[in-house]
Amino acid sequence: MSDLSHSTPDITRHPDVVAMQERYAQLTRGRQAVALDGLVLLTGTYATISPWVVHFRLTNPSLAVNNLILGITLSVIGLGLALAAERLYRLSWTCAVIGVWLIISPWVVTAGHSPTAGIIWNNVWIGAVACVLGLVATGMTVRTERRPLTGR
């Protein structure tokens, strides 16, 4: 019979575990990574409160909920990058996807209404910042994974 137990594989004995830990330690030690984590957190926080700042919470409640959910998601990603970067840096590309959605969401989410210029500019700027931060974080991850380890 087959072994149907759902035990978690032990990665501590994997031959590349030390090399992977060193690469992510290199990535997270840099000042750019710390600044990036903070900027993702701030972008998410602003996206969360933007319906109240730009005053579209009552006129476009569906877009307000959209920004609230995506802002909280970005904030959680930023907090996760700051606290457990070695586990979350490979998911940093999701910031770019969230940014693209924030850019197009005023037209998609408010299909029955017409978004105002303030709403559009707000989401385009937040989305552009989130997209750039996601691409930079992904670029840092790819560059670190391809770089040979020093001292070996």
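**Figure 1. Val 54, a partly exposed residue with a relative accessible area of 27%.** The view is taken from a predicted model. Val 54 is found in the loop that lies between α2 and α3. The value of 27% places Val 54 in the partly exposed class, because that class runs from 20% to 50% relative accessible area. Gly 118 stands 64 residues away from Val 54 in sequence, yet the two C-alpha atoms are 7.0 Å apart in space. Residues up to four places away in sequence being left out, Val 54 touches Tyr 46, Gly 118, Ile 119 and Asn 122.

**Figure 2. His 55, a loop residue with a positive phi.** Like Val 54, which is found in the loop between α2 and α3, His 55 has its place in that loop. Most residues other than glycine have a negative phi. His 55 is not a glycine, but its phi is positive, at about 65 degrees. The relative accessibility of His 55 is 63%, so His 55 counts as exposed. A polar atom of the His 55 side chain lies 3.4 Å from the backbone oxygen of Trp 52. Between His 55 and Ile 119 there are 8.7 Å in space, C-alpha to C-alpha, and the two are 64 residues apart in sequence.

**Figure 3. Ser 50, a buried residue of helix α2.** Ser 50 lies in helix α2. With a relative accessibility of 0%, Ser 50 counts as buried, because buried means under 20%. The polar contact shown here joins the side chain of Ser 50 to the backbone of Ala 47: a polar atom of that side chain lies 3.0 Å from the backbone oxygen of Ala 47. Apart from residues up to four places away in sequence, Ser 50 touches His 55, Phe 56, Asn 67, Asn 122 and Ile 126.

**Figure 4. A nonpolar patch on the surface.** The patch is formed by Tyr 46, Ile 49, Trp 52 and Val 53, which together have about 360 Å² of accessible area. Tyr 46 lies in helix α2, which covers residues 31–53. At a relative accessible area of 31%, Tyr 46 is partly exposed. This value also meets the requirement for patch residues, because they must have over 30% relative accessible area. Tyr 46 is one of the residues that Val 54 touches.

**Figure 5. Thr 43 and Leu 39, two residues of helix α2 that differ in burial.** Thr 43 lies in helix α2, and Leu 39 is found in that helix as well. Thr 43 is buried, with a relative accessible area of 10%, whereas Leu 39, at 43% relative accessibility, counts as partly exposed. Neighbours within four places in sequence set aside, Thr 43 is in contact with Leu 74, Ile 126, Val 129, Ala 130 and Leu 133. Leu 39 and Ala 130 are separated by 91 residues in sequence and by 8.8 Å in space, C-alpha to C-alpha.

**Figure 6. The largest nonpolar core and one of its members, Leu 102.** In soluble globular proteins, nonpolar side chains tend to be buried together. The largest nonpolar core in this model holds 18 residues, among which Leu 36, Val 40, Leu 74, Ile 77, Tyr 89, Ile 98 and Leu 102 touch the most other members. At least two residues of this core are supplied by each of α2, α3 (61–83), α5 (93–108) and α6 (117–146). Helix α6 provides five residues, the largest share of the core. Residues up to four places away in sequence not being counted, Leu 102 touches Asn 67, Leu 70, Leu 74, Asn 123, Ile 126 and Gly 127.

**Figure 7. The chain as a whole, shown as the setting for the close-up views.** The chain contains six helices and zero strands, and its elements run α-α-α-α-α-α from the N terminus on. Of its 152 residues, 37% are buried. Among contacts between residues at least 6 apart in sequence, 74% join residues at least 24 apart. The accessible surface of the chain comes to about 9,500 Å², and carbon and sulfur atoms account for 67% of this area.

Key. Residues are numbered from 1 along each chain as its sequence is written. This is a predicted model: local features need pLDDT of at least 70, side-chain atom pairs count only at pLDDT 80 or more; totals for chains, interfaces and linings use all residues. Side-chain values use heavy atoms; hydrogens and water are left out. Patches are made of residues with over 30% relative accessible area and no salt bridge: like charges are joined within 9 Å, nonpolar side chains (Val, Leu, Ile, Met, Phe, Trp, Tyr) within 5 Å. Accessible areas come from the Shrake-Rupley method with a 1.4 Å probe; for residues, only the protein chains shown count as cover. A salt bridge is a side-chain nitrogen of Lys or Arg within 4 Å of a carboxyl oxygen of Asp or Glu. Helices (H or I, at least four residues) and strands (E, at least two) are DSSP runs, numbered from the N terminus. Buried means under 20% relative accessible area, exposed over 50%, partly exposed in between (1.4 Å probe, protein chains only). A nonpolar core is a set of buried Ala, Val, Leu, Ile, Met, Phe, Trp, Tyr and Cys residues joined through side-chain atoms within 4.5 Å. Contact means heavy atoms within 4.5 Å. A polar contact is a pair of N or O atoms within 3.5 Å; within protein, one must be able to donate a hydrogen and the other to accept it, and residues adjacent in sequence count only if both atoms are side-chain atoms.
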